[in-house]
Amino acid sequence: MPDPIVTENLVKVFPGDVRAVDDVSFHVREGEVFGFLGPNGAGKTTTVQVLTTLLTPSGGRAEVAGLDVRAHPDEVRRRVGLVFQESTSDDELTGRENLQLSGALYGLSPSETNRRTKDLLTRMHLDDAAERRVKTYSGGMRRRLELAAGILHSPHVLFMDEPTLGLDPQGRAGLWDYVRQLRKEMVLTVFVTTHYLDEADSMCDRIAIIDHGKIVAAGSPSELKEKIGGDLLTLVAGPDSADLTAVLQRIPGVLSVQRRDSEYRIKCRQGESLVPATVSAAASTGVALQSVSLKKPSLDEVFLEFTGREYRAEGSGPTDIDKTMRINQWRGRRR
Amino acid sequence: MLEALRALAWRETIRWFRSPFAVFASLIFPVMYLLLFGQAFNLGKLLGFIPGLTPTEAAMEAFRGAPNYFSYFSVGMVGFVAVTASLFLGANVIFDKRLGFVKKTTAAPVPRFTIFGSRLIAGAFRPVLLGFLVLGMAALLAYIPGFNGLTVNTQVTALGVVEIILALVSVSLAFSALFLAMGFLFESPEGYFGIVNLLNLPILFTSAALYPTTTMPPWLQTISAFNPITLAVNVMRLNLFASVSPVTGSDYYPYSALVYLGGSLAYSFGLVLLSFWIAQRGLRPR
C-alpha cells in the first residue's frame, strides 16, 4: 500500500511567473494527521488545490490515494473528501438535503446516501437541525455539516483547508473532537492547513512548514520544537548560595547552563523529567531553591524561527478580504 | 452520472422556488410590461383612420395579422422574458463561484458537462414557465373590462401548439445557455453585468418583440431577420394570428412558421454548443 499522499518536486507556476509551489516533496503516511503550515501566500491552498485536482501541477509529480492527480483526476476526486475554508453548503437547502446532494455528486445510491446521511447527522449532533435551512445554522454547525459532507463517501484522504477559520474557541475544539472521534472509528488520513498553531500542535502527527512555495521544516511537532533548542528550565536559588553550574551540567539531558547571579537558565530535552534531578542536585549541595520554572517552546516559536519574524503586509492571498481577515487573525494571535 | 445531473438540476430549481423574491423578481418585469406598458403604449390608436379599412383591418396590416397592438406585443413579450429571466442564471453562477459551490461541484467526480448541463436544464425551465404565464395572463386580460388583452384571430391547430412550445423552449435554451456561459467566463458581477448589458439591449432592440420590423430601415430589418427572438416570436405569431391579409390577399410573412422554427432551433443548438464550450473552458483546472 503506497503512502496516501506523495509529492515529488511539485511545482505550480501561475501566470506572471509566480511560483506558488516551488519544488515541494513530501509523503503523508496512512492514517496520520498531516499539518501544512505557513504564512499567507506561502502556497498552502495552492498545494491543496493541486492535490485535489482543482489545479493542475506545472511540474513534478503528485499522487493521492495511489493515483497520479494529472492522469486520473476523476478517480482522485472520488477518493478524497474536502472541507474548504469557506462554506460550500447551499444556504437555501436543509442540512439533510445538502448531504443528499453530496451523496449524488459522489455517485452513492440514494438508499446508501440516506443511510449515511442519517448516521452522520447524528454523529455531528445535527439531528435537530437536519430539516432546517443551512442559512439558520451557526458557524460551528456549518463546519460540522461541511465535515459530514466531506466524509459522506468514505474518502481515503480528507483534505481540510483552514477548517476552523473564523470559528470561536468552542467551535474549533468541537470540530477537532469530531475529527478525533472519526479517526477512532475508521482509518482516515487527514491533510490539514491551518493558521492556528496550537491546533496543529495538538492534532497533527507530523507537520510541514511551507514558505515562499518551499518546505522549510518538517517533522513531528516535538521534533520541530527540539530543533530550535529544546526546553528551558529556570532555577532561582537563594541569594549568596554556592555555584550550581558544575553540578547541573553533570545531569544527563542537560544541554547547557547559563548563570546570572542566582538564576540558572538550563537548556535541556524533556525538561519536566529533569525537574526532580535538578532539585535533588541543588539539595545535595545544600542550596535551597526559591523557584523552578519550565518553558517548553511552542509551535509559534518554531513557526517564527523558520518563516522569519518580519510582519508581512504584502501577502499574496487570493482576495483582499481574505487577506485582511487573515492579517487580523494573525494580529490576534500575536497579541 | 444522471443522478448527479438530476440532483444538481433539482438544487437549482428548489433554490428558485424557495426564494420567493427570485420568482417575484422575474415576474415583475413581464407583469409591469403587460399591465402598464402594454395598456399605455397603444400603437394601434396612433395609426388613425385609414379610408376603406376597419380599425382591426388597419391594425392587421400594421401588425402583421395581429388584431391590435397589445396582441402583437404580448406575444413578443415571451421572447423578451426569455432574455430577462435568463439574466439571473449567469449572475447565480458568479455568486456560486464566490460562495464555493462551484468549487464543490468541480472537485466532485462528476462529468464536467453535468455542471453546465444541470444549470441549463433547470435554468431554461424558468423562461419557459414564465413565457406560458405571460401568454396566459395576456389572454386573460382580454376578458377584463378596461384592459387590452391578447386576442387570437385564427384557428390554432395542435401542430401550432407544438410549434409554439418548441419555439418557446428553443429561445429559452438559447439565452439561458448564453448567459450561463457568461457566468462561467466572468469572475466578478461587474464584469458580468457589463457584458450582459452589452448583449441584452441590442438583442432586444433589433428584434421583433416590441414593434414590427416592417417599419425599420432596411439594414436593421436584415439584422432583425436573423435575431433569435424575431425567429421565435414569428413562429408564435404565425400560429396565433391571421397569416394572410384579408385586404390585399398576400401573406404577412415571407416564410412559414416551420421555417422560422427551424431557424430558432438551429440558433438554440448553436448557442448551446458554443456556451457549453465556453463553460468547459471556464471549468478546466488551470
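These exercises walk through a predicted model with chains A and B.

Residues are numbered from 1 along each chain as its sequence is written, while chains are lettered from A and ligands numbered from 1 in the order in which they are written. In this predicted model, local features need pLDDT of at least 70, side-chain atom pairs count only at pLDDT 80 or more, and totals for chains, interfaces and linings use all residues.

**Exercise 1. Describe chain B as a whole.**

Step 1. Take the elements. Helices (H or I, at least four residues) and strands (E, at least two) are DSSP runs, numbered from the N terminus. Chain B has eleven helices and zero strands.

Step 2. Check the compactness. The radius of gyration of chain B, taken over C-alpha atoms, is 20 Å; the globule rule gives 19 Å for 286 residues, so chain B is as compact as a globular protein of that length. That rule is 2.2 Å times the number of residues to the power 0.38.

Step 3. Add the box. Along the principal axes, the C-alpha atoms of chain B fill roughly 70 × 35 × 35 Å.

Step 4. Look at burial. A residue is buried if 20 or more other C-beta atoms lie within 10 Å of its own, exposed if 12 or fewer, and partly exposed in between, with C-beta atoms placed from the backbone. In chain B, 46% of the 286 residues are buried.

Step 5. Look at contacts. Two residues are in contact if their C-beta atoms, placed from the backbone, lie within 7 Å. Of the contacts in chain B with a separation of 6 or more, 78% are between residues 24 or more positions apart.

**Exercise 2. Do the same for chain A, then give its domains.**

Step 1. Chain A has twelve helices and 14 strands.

Step 2. Its C-alpha trace spans about 80 × 50 × 40 Å along the principal axes.

Step 3. Of its 335 residues, 41% count as buried.

Step 4. Among contacts in chain A between residues at least 6 apart in sequence, 69% join residues at least 24 apart.

Step 5. Chain A is divided into domain 1 (5-225) and domain 2 (229-295). These bounds come from an automatic or database domain assignment. The C-alpha centres of the two domains of chain A lie 44 Å apart.

**Exercise 3. Place Ala148(A) in its surroundings.**

Step 1. Find the element. Ala148(A) sits in helix α5 of chain A.

Step 2. Size the helix. α5(A) has 13 residues and reaches 19 Å from its first C-alpha to its last, close to the 18 Å expected. The expected span is 1.5 Å times one less than the number of residues.

Step 3. Judge its cover. Ten of the 13 residues of α5(A) are buried. Among them are Arg142(A), Leu145(A) and Ile151(A). The cover includes β6 (80-83), α3 (95-105), α4, β7 (157-161) and α6 (169-185) of chain A.

Step 4. Turn to the residue. Ala148(A) counts as buried because it has 26 C-beta neighbours inside 10 Å. Leaving aside neighbours within four places in sequence, Ala148(A) is in contact with Leu99(A), Leu120(A), Leu121(A) and Met124(A).

Step 5. Compare sequence with space. Ala148(A) and Gly81(A) are 67 residues apart in sequence, and 9.6 Å apart from C-alpha to C-alpha.

**Exercise 4. Describe the nonpolar cores.**

Step 1. Define the term. A nonpolar core is a set of buried Ala, Val, Leu, Ile, Met, Phe, Trp, Tyr and Cys residues joined through C-beta atoms within 7 Å.

Step 2. Take the largest core. It has 145 residues, and Ala148(A), Val78(B), Leu180(B) and Val235(B) touch the most other members. Helix α4 (residues 69-99) of chain B gives the largest share, 16 residues.

Step 3. Take the other core. A second, separate core of eleven residues includes Leu235(A), Leu244(A), Ile266(A) and Leu274(A).

**Exercise 5. Describe the contact between the chains.**

Step 1. The contact takes 21 residues from chain B and 21 residues from chain A.

Step 2. On the side of chain B, α1 (2-18) and α5 (101-106) each give two or more residues. α1(B) gives the most, with seven residues.

Step 3. By class, that side of chain B has ten nonpolar, four polar and seven charged residues. Here Ala, Val, Leu, Ile, Met, Phe, Trp, Tyr, Cys and Pro count as nonpolar, Asp, Glu, Lys and Arg as charged, and the others, Gly among them, as polar.
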